[in-house]
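Work through the exercises below with the structure open. Try each task before reading its solution.

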Amino acid sequence: MNVVQGFGLPKPQSIGSTRPHAAVIGAGIGGLAAGALLGAKGYRVTIFDPLDKPGGRAYAFEQDGFTFDAGPTIITAPWLFEQLWEACGGKLSDDVDICPNIPFYKIRFPDGTFFTYSADKDAMEAEIAKIEPDDVKGYRSFMAESKEIYEYAFLELADKPFHSLPFTLSTFAKLIRLGGYRSVYNVVSKHFRNDRLRSVFSFHPLLIGGNPFTTTSFYCLIAHLESKHGVHYAMGGTNALARGIASLVTRNGGQIRYGETVDTILTSGRHATGVRLSSGETVSADIVVSNSDPATTYSKLLKDLPRRRWSDGKLGRQDYSMGLFVWYFGTNRRYDDVGHHTMLFGPRYKGLLKDIFKNRVLAEDFSLYLHRPSANDPSVAPDGCDAYYVLSPVPNLKGDADWETVAEQYRAKIAAELEATLLPDLSKHIVSSRISTPLDFRDRLLSWQGAAFSLQPNLFQSAWFRPHNKSEELDNLFLCGAGTHPGAGLPGVVCSAKIVAELAPDPESLAAVQAGTEACV
């Protein structure tokens with residue numbers, strides 16, 4: 001068997017209608033990647049998605065000559081996509097142009113000062129010394145700890161399934177030694193004394209739906225991941241990646257059916273037998289892969305199945321990520337002193353996060369992430385214009401915010417803050433605008449509780465404790481995407497797709513069983 005290094009899958013198979021069928025629910029990055037890899041493994045693949053084009057959370061809105069990435073904007077492990085393309089018989093650079101962002105981010109503090117975050121060790125130490133010289137030593141020790149976590153938790157475990165309790169127990173001692181019982185903020189505070197620097201080096205879990213004060217310290221690995229491999233951007237936007245992976249699916253004979261919502265996963269005993277669409281059409285399948293939120297998969301798509309582990313009660317007791325308020329806007333002028341990625345820290349850190357994750361109240365203050373892709377990519381805006389989105393973490397729909405009433409007021413507050421800090425005269429130059437709230441995540445993306453990243457990455461919602469990639473409820477149901485192992489973020493969902501493709505039974509064996517059954521009949 002000719003196996004591709006990295007993903008461990010055979011070279012793409014010949015296209016044929018008699019191949020075993022894999023039905024994939026959802027054309028997000030995870031579902032697309034799983035479909036592409038299953039097609040390369042030998043399955044006939046059909047992906048169903050309610051939207052009109054690929055991407056899921058990585059969708060793109062196009063209006064008034066602007067292109068707005070709807071969701072993820074940061075690529076931190078480009079080699080995973082290179083391996084994905086290679087496993088499917090292609091080359092990433094032939095379809096998508098991925099470029100580094102230097103620096104990674106600029107972080108603005110409430111007093112108007114900035115911290116420039118990059119992979120340059122000397123430059124980072126100089127930035128730290130401007131705030132607290134004594135914390136330079138702490139930065140070095142933190143990065144050493146981040147590297148140690150990365151080399152085990154990411155390199156060795158991110159693409160390994162945790163559906164086996166013996167495997168989980170075999171990793172337990174090392175995971176305990178790495179301190180996964182601590183939070184990201186706890187670890188960062190051990191190395192840094194200054195509160196501003198503690199915020200700078202602990203905010204990363206927010207990019208994958210976690211509260212730095214409760215997210216397991218394994219996610220401290222992100223600091224080393226970024227410093228080693230960089231922060232990248234796909235020209236044309238992250239949705240260019242989604243479109244590219246979709247083309248891998250169809251090149252290997254797969255089909256993507258847009259505007260199709262799966263209503264039910266059909267079952268017989270402990271087997272999934274296919275899916276029923278909201279139109280009433282039924283589609284048989286040899287395996288089913290769900291890229292939908294696990295809570296949606298189990299409580300809605302399998303609502304009539306007696307479930308042993310993921311009951312409605314258990315799903316209801318899980319901690320889900322925060323919601324997001326996102327304002328996409330275009331201006332008829334450029335702000336060339338604003339970089340690609342800017343974090344605007346508000347006056348509170350711990351208190352604001354407590355309001356978002358625990359109290360679930362929409363606070364008067366906020367912290368923001370401003371994305372300006374037109375800083376490096378002229379294709380996303382008309383000449384002389386800028387494309388933006390600004391994101392504010394907010395409570396998910398377990399909070400009591402009435403978004404139909406407060407959305408425009410909240411947008412106006414954010415606009416006023418941006419005008420006062422980074423984008424002077426902004427209100428005079430807006431020529432395109434749209435907003436997305438937790439209601440959109442719930443209704444358009446079918447996200448449980450309107451959570452932007454599915455389950456939070458807390459210790460007891462990680463690895464074995466997360467919904468498994470091979471379902472505990474049905475023998476041939478598999479899960480990929482943000483809500484399963486290893487978690488949210490582009491590297492996480494691609495790793496989840498790799499796990500699914502490797503766990504799925506060999507299609508040639510399935511075909512042989514089918515042929516034998518038909519012969520007996």
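Three exercises on this predicted model follow, each with a worked solution.

**Exercise 1. Helix packing**

Determine how helix H5 and helix H9 are oriented to each other, and describe their contact.

Solution.
- Locate the helices: H5 spans residues 135–154, and H9 spans residues 221–229.
- Take the axes of H5 and H9: they come within 7 Å and cross at roughly 90°.
- Classify the angle: 65 to 115 degrees counts as roughly perpendicular, so H5 is roughly perpendicular to H9.
- List the contact residues: on the H5 side they include Phe142, Met143, Ile149 and Tyr150. On the H9 side, Leu221, Ala223 and Leu225 are among them.
- Sort the H5–H9 contact by class: it has 9 nonpolar, 4 polar and 2 charged residues.

**Exercise 2. A loop glutamine**

Place Gln456 in the chain, then decide: is Gln456 buried or exposed?

Solution.
- Find the flanking elements: Gln456 sits in the loop between helix H16 (438–443) and strand S21 (477–479).
- Apply the cut-off: buried means under 20% relative accessible area. Gln456 has 6% relative accessibility, so Gln456 is buried.
- Check the neighbours: beyond four places in sequence, Gln456 touches Gly209, Asn211, Thr214, Asp319, Tyr320, Ser321, Phe357, Gln461 and Arg466.

**Exercise 3. Cysteines**

How many disulfides does the structure hold? Assess Cys480 and Cys385 as well.

Solution.
- Count the disulfides: there are 0.
- Test Cys480: the nearest cysteine sulfur belongs to Cys495 and is 12 Å away. A disulfide needs sulfur atoms within 2.5 Å. Cys480 is in no disulfide.
- Check burial: Cys480 is buried, at 2% relative accessible area. Cys385 also counts as buried, at 11% relative accessibility.

How values were computed
Residues are numbered from 1 along each chain as its sequence is written. This is a predicted model: local features need pLDDT of at least 70, side-chain atom pairs count only at pLDDT 80 or more; totals for chains, interfaces and linings use all residues. Side-chain values use heavy atoms; hydrogens and water are left out. Buried means under 20% relative accessible area, exposed over 50%, partly exposed in between (1.4 Å probe, protein chains only). Contact means heavy atoms within 4.5 Å. Axes are lines fitted to C-alpha atoms, for helices over the stretch in contact, and angles run from 0 to 180 degrees between N-to-C directions. Helices (H or I, at least four residues) and strands (E, at least two) are DSSP runs, numbered from the N terminus. Angles under 35 degrees count as roughly parallel, over 145 as roughly antiparallel, 65 to 115 as roughly perpendicular and the rest as oblique. Ala, Val, Leu, Ile, Met, Phe, Trp, Tyr, Cys and Pro count as nonpolar, Asp, Glu, Lys and Arg as charged, and the others, Gly among them, as polar.
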